[in-house]
Amino acid sequence: MTGASIPAPDAHDSIALGRLPAPAEPPAGGDWPEDRPRRIVTPRSAADRVFRGVLRCAGVAVLVITGLIALFLILRAGGALRKAGPSFFTTQSWIPAANRFGIAAVLPDGAIIAIIALAIAVPVALGTAVFISEYAPVRLRRTLIAVVDLMAAVPSIIYGLWGVFFLQPRVIGSIRWVAENLGFIPVFRVRGEHTSSSFTTSTFIAGLVVSLMVIPIIASICREVFSQAPVGEREAAYALGANRWGMVRTVVLPYGRGGIIGATMLGFGRAMGETIAIALIVSPTYLLATHIFENSGMSIAALIALRYQESTPEMLSALMAAGLVLFLITLLVNALASIVVSRSRSGAETE
Amino acid sequence: MDTLAPPDNRPANLEHGGPGTQAPAAPGPAAERRVRIRQVTMEGVCTLVGAALGGIALTWVLYQRILPTSGAVGFWLCGYVTFLCLYALAGVVQWEPRDVANRLVGVLLVSAGLLVIAVVADQIGYTAVRGYPALHHLNFFTDTMALAGPLDPLTSGGMIHALVGSLEQMGIATVFSVPLGVLCALFLVEVGGPLARPVRTIVEAMTALPEIIAGLFIYAFLILSLGVGASGFAAAVALTVMMIPIVTRTAEVILRLVPSGLREASYALGGSQIRTVLNVVLPTARSGLATAVILAMARAVGETSPVLLTAGFTKDLNANPFSGPQTSLPLYIWNYVRYPQPAMVSRAFGAALALMVMVLLLFALARLIGGKAPGELTRRQRRQLRRAREADQLVRSDREAGDRSLALELTGADRGADAQ
């Protein structure tokens with residue numbers, strides 16, 4: 001406790017220490033019953049009550065905003081949902097004018113992109129996090145954290161530009177090789193004639209770019225959790241003869257398991273909601289993208305970004321319905337993730 | 001200085017040398033010296049360098065010359081895998097298996113870190129190279145796109161309208177979101193109670209909310225329901241929705257690091273809660289809060305999707321955010337990069353470079369102001385503190401020995417911190 005190291009002033013009555021827990025028991029001797037610490041009840045001043053009210057309002061405001069988002073999306077989506085009924089969740093095309101629209105293709109496509117992204121991002125992000133918290137020299141650590149933060153701050157449109165103009169031409173060769181040599185695995189097969197453009201604008205490339213956007217998010221959460229791994233246990237592992245990897249494997253990673261899971265879920269939510277980079281890269285199709293290297297791919301967010309302009313009120317309502325689904329899914333995933341992370345982050349809930 | 005908060009949230013400069021942090025040496029005559037276990041040996045370095053050279057060379061021969069493969073990413077991937085195999089092979093020959101695993105994992109982790117650095121550096125470098133041709137024409141900063149067609153050369157047309165739009169929208173969004181975000185963070189930290197938990201969960205969930213949803217919400221709310229036209233203001237409100245959780249989340253982390261001893265000291269002196277927050281908590285966390293705000297601004301200025309649905313698009317300069325469509329930099333890039341003409345793509349990259357520079361400047365500013373944990377003092381503040389303590393010590397010199405040794409210890413810790 002910090003309080004213990006401060007030389008205590010003479011024990012006169014402190015006035016506003018409303019936070020001190022009152023000891024329940026009188027002294028054991030019972031000689032001086034009148035010495036029992038009196039219960040301190042401090043009525044808050046008017047200014048304080050107003051202040052706390054304002055703060056509470058700010059807290060409620062965030063809840064209200066979230067509620068408003070849900071409310072307005074539901075209001076606007078109602079028309080389309082009523083019109084389409086349950087087929088909204090089973091239709092694979094998006095032609096609102098002909099009343100044939102649904103998210104059966106768009107939602108799984110977005111999930112496929114997110115899963116590809118996570119498959120790449122999670123190992124790299126974990127490696128980065130362990131590297132920063134355990135391996136990097138102390139004076140380098142701050143710089144590395146700044147680099148990861150910067151990676152998170154790079155605008156998504158720049159990720160999109162970079163993905164289309166820099167990364168895509170450089171990965172086509174490898175994709176082609178995989179598609180031609182491992183094409184017997186259905187997922188990797190590319191149907192039709194193979195030209196150089198039949199390997200571009202695919203779900204995989206979108207996932208690759210999104211993975212880079214997710215890495216800093218996962219890495220910074222994991223690093224934070226890893227750095228809180230108890231020093232005593234680390235030193236115990238060393239004392240038992242572990243080398244550094246042994247210590248990381250037996251102390252740091254198990255300690256950070258909850259953080260890793262939560263961070264991965266947050267990354268999933270983030271990847272599901274990624275808009276601009278995906279919209280720039282994929283060639284929109286409204287079919288289930290089961291072959292990840294073909295020109296294909298879509299996500300709800302990209303669908304909204306690409307289609308909102310050409311919208312009549314009915315089409316707009318359909319987009320709102322898709323947005324509502326995306327909102328609910330990401331909110332759920334993120335809320336679960338934040339609960340998992342905060343459980344694993346010891347001491348964040350207490351003073 | 002290790003900036004990570006110690007596990008029990010004590011500020012680094014008050015600490016008497018907890019394990020794990022860089023403890024100042026005890027003021028005794030023979031300061032303890034830490035034994036360095038890890039040492040870089042000649043054979044370790046040689047194995048590493050040799051494996052790397054061998055991996056790259058072997059891959060070059062096989063990948064570029066013999067096998068029908070191509071593509072830069074594939075080359076580096078194969079080279080890396082070859083390097084790992086060679087390194088493991090060379091390691092097995094000379095070290096015991098446990099040691100080989102240790103070193104191999106070390107290499108893997110370092111390369112993960114290097115990959116992140118390389119990606120960031122490459123994004124900045126590539127944007128700079130592609131953006132320079134447009135950006136080095138002065139008219140790019142002074143013209144709008146009103147009179148420039150897709151086939152016009154880069155000497156006509158520019159992005160001043162997008163720059164103005166970006167700055168205005170970011171400014172408005174900051175004005176809205178910072179007070180609300182900081183107040184909400186104060187609610188979570190200072191008031192708490194049963195309401196705090198759902199609010200915190202929602203804030204964390206909203207932090208990762210898809211930005212397009214913020215745009216869609218404002219589109220449904222302001223534009224469709226209230227009839228506000230697509231404008232800079234609507235875009236700024238969408239950015240606000242996106243910024244509030246970010247500001248709240250980072251500010252909460254910062255405020256939580258304010259040592260509770262400071263708050264309790266203020267209460268013990270009879271301070272009310274509002275006085276404590278205004279005079280103790282907020283000033284202590286000032287630099288961290290500034291960092292949080294600036295980083296949120298950097299996020300907001302680069303967001304495309306909230307702006308896409310709400311700002312409209314124009315080629316003209318529109319300095320009034322409250323009426324008419326207003327373009328911002330991300331929107332400018334999004335619109336022009338999809339043209340087939342190379343000049344338009346160049347313009348998009350020019351705007352991307354401008355955006356990147358803006359984000360980098362904000363980021364550098366945040367590092368300059370902040371980067372200090374609450375309670376971590378500047379050198380001047382530490383000197384003042386030490387002087388005050390020495391004066392205190394003279395006054396209290398007739399107190400009992402316990403106090404004196406404590407004071408000594410404090411000044412000793414201070415001296416150690418100064419020497420760093």
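In chain B, pLDDT (the predictor's confidence in each residue, from 0 to 100) stays under 50 over residues 413–420, a stretch for which the model has 12 contacts beyond four places in sequence. Two residues count as being in contact if their C-beta atoms, placed from the backbone, lie within 7 Å. This is a predicted model, in which local features need pLDDT of at least 70 and side-chain atom pairs count only at pLDDT 80 or more, while totals for chains, interfaces and linings use all residues. Residues are numbered from 1 along each chain as its sequence is written, and chains are lettered from A and ligands numbered from 1 in the order in which they are written.

For chain B, the mean pLDDT is 80, and 83% of its residues reach 70 or more. Over residues 1–26 of chain B the pLDDT is below 50, and this stretch has 50 contacts in the model beyond near neighbours in sequence. Helices (H or I, at least four residues) and strands (E, at least two) are DSSP runs, numbered from the N terminus. Confidence in chain B is lowest in helix 16 (residues 401–419), with a mean of 52, and highest in helix 5 (residues 160–191), with 91.

UniProt, in an unreviewed entry, places the feature "transmembrane region" at six listed stretches of chain B, including residues 40–61 and 172–196; for chain A its unreviewed entry lists, among others, residues 54–75 and 275–293. UniProt positions are given here in the numbering of this model, feature names are shortened, and annotations may be inferred rather than shown by experiment. The table shows how some of these stretches appear in the model.

| Stretch | Helix | Strand | Distance between end C-alpha atoms |
|---|---|---|---|
| Residues 40–61 of chain B | 91% | 0% | 31 Å |
| Residues 172–196 of chain B | 84% | 0% | 28 Å |
| Residues 54–75 of chain A | 100% | 0% | 30 Å |
| Residues 275–293 of chain A | 32% | 0% | 20 Å |

UniProt also places the feature "domain: ABC transmembrane type-1" (unreviewed entry) at residues 163–366 of chain B, and over these residues the chain is 77% helix and 0% strand, with the end C-alpha atoms 21 Å apart.

For the complex, the predictor gives an ipTM of 0.79 and a pTM of 0.79. The contact between the chains takes 89 residues from chain A and 98 residues from chain B, and helix 1 (residues 46–84) of chain A gives the largest share of the chain A side, 19 residues.

Helix 1 of chain A and helix 6 of chain B have axes that come within 10 Å and cross at roughly 50°, where axes are lines fitted to C-alpha atoms, for helices over the stretch in contact, and angles run from 0 to 180 degrees between N-to-C directions. The two helices are therefore oblique to each other, since angles under 35 degrees count as roughly parallel, over 145 as roughly antiparallel, 65 to 115 as roughly perpendicular and the rest as oblique. Here Gly59(A), Val62(A), Leu63(A) and Thr66(A) of helix 1 of chain A meet Pro198(B), Val199(B), Ile202(B), Val203(B) and Met206(B) of helix 6 of chain B.

Within chain B, the axes of helix 6 (residues 196–207) and helix 8 (residues 232–256) come within 8 Å and cross at roughly 120°, so helix 6 of chain B and helix 8 of chain B are likewise oblique to each other. Their contact is made by Val203(B), Glu204(B), Met206(B) and Thr207(B) of helix 6 and Pro245(B), Ile246(B), Thr248(B) and Arg249(B) of helix 8.
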